[in-house]
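User: Hey, got a minute to walk me through this one? I'd like to get a feel for it before setting anything up.

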Amino acid sequence: MTYGLQNSPTPARIEELERPLLDDRSYRVITLPNKLEVLLIHDANTDKASAALDVNVGSFSDAEDMPGIAHAVEHLLFMGTEKYPQENAYNQYLASYSGHSNAYTAATSTNYFFEIAATKGNKSDANDASGEASQTPRPVSKEDSTLYGALDRFGQFFICPLFLEDTLDRELRAVDSENKKNLQNDQWRLHQLTKSLANPKHPYNHFSTGSYKTLHDDPLARGVKIRDEFMKFHSTHYSANRMKLVILGREDLDTLEQWAEEIFSKVPNKDLPRKRWDDTPIYVKEQLPTETFAKPVLDNRSLELSFMYRDEENLYESHPSRYLSHLIGHEGPGSILAYIKEKGWATGLGAGASPVCPGSSLFAISVKLTEDGLKYYKEVAKVIFQYIGLMREQPPQQWIVDELIRMSEVDFRFKQKTPVSGTTSALASLMQKSYDRKHLLSGPSVIRKFDATAIADAMSYLRPDNFKLRVVSRDFPGDWDQKEKWYGTEYKTGKLPEDFFKEIDAAFQSKNRPKELHLPHKNEFIPTRLDVEKKEVAEPLKAPKLIRNDESVRTWFKKDDQFWVPKANVHINFRTPVSSMTARTASLCSLFCGLVNDALAEYSYDADISGLQYEFGTHHHGLFVSVEGYSDKLHVLLEKVLTSVRNLEVRDERFQVVLDRTLRGLRNWEWGLPYHQVGAYSRWLKHERRYMADELLGELESITAQELRDFYPQALSQMQIEVLAHGNMHKEEALRITGLVEKTMRTKRLLPDQIPIRRTLVLPPGSNFIYERELKDPANVNHCIEYSIYLGNARDRNLRAKMLLLAQMTDEPCFNQLRTIEQLGYVVFSGASVSDNWAGYRILIQSEKDCRYLEGRIEHFLTMWEESLAKMSEEDFEGHKQAVIRKRLEKLKNLTQESNRFWTHVFNDSYDFLQADEDATHIQALTKGDFTEWVRHSVSPSSAHRAKLSVYLTAQAKPSEPSADEKKEATLLAVTAILSAENLTPDTEKLSPRLADSSAATPAGLVAAISAHLTEDLKVSQEQVDKIVDEAKAALGLAEVEEKLEHPVELKDDALAAVAENEHANRVSEPILITDVHAFRASLPMSAGVKPVKDFSEYMEESAKL
Ligand SMILES: [Zn+2]
């Protein structure tokens, strides 16, 4: 005890954290003897536990000659520990309790986190989850806790990481692949350009992701032992006193504290200081003011003004920069955006400070320009400076700050829970800041006081001599003469021309400015009535009630009975077949929505910043409006939205702006990432009528403002209205809102038999279709496949249960096989896919390897997995079932999640509000025998009965061919990775001579040499050798592509007859290439439509209860 007092005084426990009104968690901040600060969070009702650890070191500490090293250490840290040497012990443990993990590397922080089921899911826990959790938690033993096991595995990474040698290369490839994925992404490109043009002495200037070249090839060429470098980085920068840990669980605080102490006290402390960069400015004097012109990949235009700004970490009580961002970023009357929008120059504007590191910040103003706006970008910059001048001319306005204070308090007071790992990760990162620990939860959001001096100081940074201007456009000015080093972005840069500077300075100084610019008016949308009528219920209702159901309208309603926030969500669906009759009517509808939203932008801004948002849009079966937020003034906004929809004035100038934006959006979509596109093609082929970007583009180009004026009243004339009102609201209000919708829209009813029906195409048993399309971006080298198996009707509960279980069981093995072992590409997804009545299973891969090759690997994986299923124990099978059930029964975290669940089931015509419970019941009933039989029949590539559709998106460009050495090295790496997955270690003495042999110079020869080593030296069984060789070939692109995939037959009339005949004869069909989508659809039958699972009368409120 005495020693304890001398060395480290008993740490203070801080428990009185300022918290939201409805927060039922308890908190405790402690500091361990090794100076690791820990925040413990006890949540008696959580169904997920989580922890996050943030280390105060990031890419700003990268060595000059090894950019990306902090990020690579983040990847490598998780490769084995002394206590748990198996490299995937941690992830396997998490996966077995429905958990997952992730990590990120920022400038001054590296953040690691995981989440996991809060309990092992035995019976008594299930009772807790149903709401009977007692407020005094039972102590949980370590053995019974999922969290303890996860913490122990997690903690070892910071105590005794191994940096396993044989995982080094693979993780560096993963980093490389991550970087490659970003190379064509404008956000990454432009962010790096800003960094690359900053002060070379400031680490902000550096490249932080890293690549195989910066982390492997270059250091190796300099004779550096790379693994040693990583370990050195870790030992120099990782220290307990730089770490902040957050643990959230069901266990009480004392138990959590004991565990934290037991595990994390062992993290070595080196008393390293917190790094600061106070004396190095982000931009040096010669770099201000400058202008830069950059060419983006996508067709986007923008203007950005970036000011050097101060670090405001210690000013969190007044948050001075929020005054600036509130005024400059305002979108209501008098604002910069309202003015330049009216001029036809801009479509959006954002402003705000972002901290770079302790010691510096940037304040950026970014404007989305129209084509005209690009021509007048100098004028736009001048308007911004005119407004800044106007703002600085008046002393800081207390009433404006009072509004901000009020909203920040209201938002914090009624803040609802968010997913746990997001919470722990964000809090661990916040703990690196100097907030008073009592303000840890509220610090970043709540403004506590008006500080006129601090605001006046803040404004002094926004000056013409303290900023950089950047114009982004694909067409202007055209003479970019430089290329950014890491991403290859073309740009041009120089001092701001003297005459332009003078114009800006004049705009800034002069009092002669457009009268349209002024400070905002008082915000009428700030909620004043925040009462919630709290009526305790035994159990929350799981479905809304139908409170009105007649020929023109259906209204669903539920008064909130579990979240108790003064908020409500109202969703309205206007069903009509018009919105998707043809590609032209679909285009007209999206232009209509674009124009309504454009017209409402100024008005709705005040509501938006007061926590009240609306949405108006089009979908395949009609139009929709939703309004969500504080219920007090919700009806005011809703009425305005509906009126604007009904009485839109289509102005020629606005029409042009919206049309241009819509066109660009579609063109950019076609140039987007292949894996973002592939799903849309898949859905297009599953439905009778869907439109792809090229079809919509073809129509949009010829639509005029007049056509839209004529069209939209027609479109609105006949619709079926359906309303969901949910939240802090009474039934009478829900009915009043319904009345408001009817009165404002003045729409005639749609005859019941004209209400659109949701159907999909049905792939007959034995189908084997391929649809292929070339990607638009000529520079992209990535192909993408979506391989979809049609399983049947999504309303079949038993089938859904099997589909969900299939998705769960293949999730980890699919990723492990296709991404980790075979390294086919960075993007690998698998899972269930449901669209209307289509129930399916899909695997998606984006890869430099071609789609036929990928299809072969997918089928190979499915076959392998099917074999492993046969060998799976009953216990493991049950474990998977419980994992899906847990996911389906996961608790709703907030009001909006619950509204969205209701709305999904109303919107998709099924009204299947109890689906999650039904799923759980049906999954529980599945037996391994039935499931295996179903897989063999409906999923297995060797089944003559299963139905499959693949979409291939093919790249135009080819990746650069690797050299012979690189190929050899890649082979070795792949083989090492595969061997370690099989728990084998090569015998180097015997392997070396085999590799030295000249026949091993080609990848195929190498594979043969390794095969011989396995068979002859290691005496591995032939079966295992075959598997390894097969995987090695796959990873090297040497696996064979089946002949039938190389030459699929074209879809003709008799092709489908052949499918039927094959199925009948129990033969697997040859692939059929879809060349004519119309003919493809015409040859397939349609599913039944989606119908309500119960008669509407059963959803009505019983009159007796009223
Ligand atoms: Zn990474």
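User: Let's start with Cys593: buried or exposed?

Analyst: Cys593 is buried, at 4% relative accessibility. Buried here means under 20% relative accessible area, exposed means over 50%, and partly exposed is in between, using a 1.4 Å probe and protein chains only. Before we go on: this is a predicted model, where local features need pLDDT of at least 70, side-chain atom pairs count only at pLDDT 80 or more, and totals for chains, interfaces and linings use all residues. Residues are numbered from 1 along each chain as its sequence is written, and side-chain values use heavy atoms, with hydrogens and water left out.

User: Good. Which cysteine sulfur is closest to the one in Cys593?

Analyst: That's the sulfur in Cys589, but at 6.5 Å the two are too far apart for a bond. A disulfide needs a pair of cysteine sulfur atoms within 2.5 Å.

User: How many disulfides does the structure hold, then?

Analyst: The count is 0. Cys357 is another buried cysteine, with a relative accessible area of 5%.

User: Switching to the metal. What are the protein donors of the zinc ion?

Analyst: His71 and His75, each through NE2, plus Glu178 listed twice through OE, lying 2.1 to 2.7 Å from the zinc ion. Donors are N, O and S atoms within 2.8 Å of the metal (3.2 Å for Na, K and Ca), and since water is not among the atoms, sites may look incomplete. Along the chain, the donor spacing reads H-x3-H-x102-E.

User: Why does the arrangement count as irregular?

Analyst: Because the 4 donor atoms subtend angles of 52 to 145° around the zinc ion. Four donors are tetrahedral if all angles lie between 85 and 135 degrees; four are square planar and six octahedral if opposite donors are over 155 degrees apart and all others between 65 and 115; anything else is irregular.

User: And where do His71 and His75 sit?

Analyst: Both are in helix α2 (residues 69–76), 4 residues apart, so about one helical turn separates them. Helices (H or I, at least four residues) and strands (E, at least two) are DSSP runs, numbered from the N terminus. His71 is buried at 6% relative accessible area, and His75 is buried too, at 13%.

User: Last one: what does the side chain of Arg250 reach?

Analyst: The backbone oxygen of Thr46, at 2.9 Å. Arg250 is found in the loop between β6 (243–249) and α10 (253–264), and counts as buried at 11% relative accessibility.

Technical notes. Polar contact = N/O pair within 3.5 Å; in protein donor to acceptor, adjacent residues only side chain to side chain.
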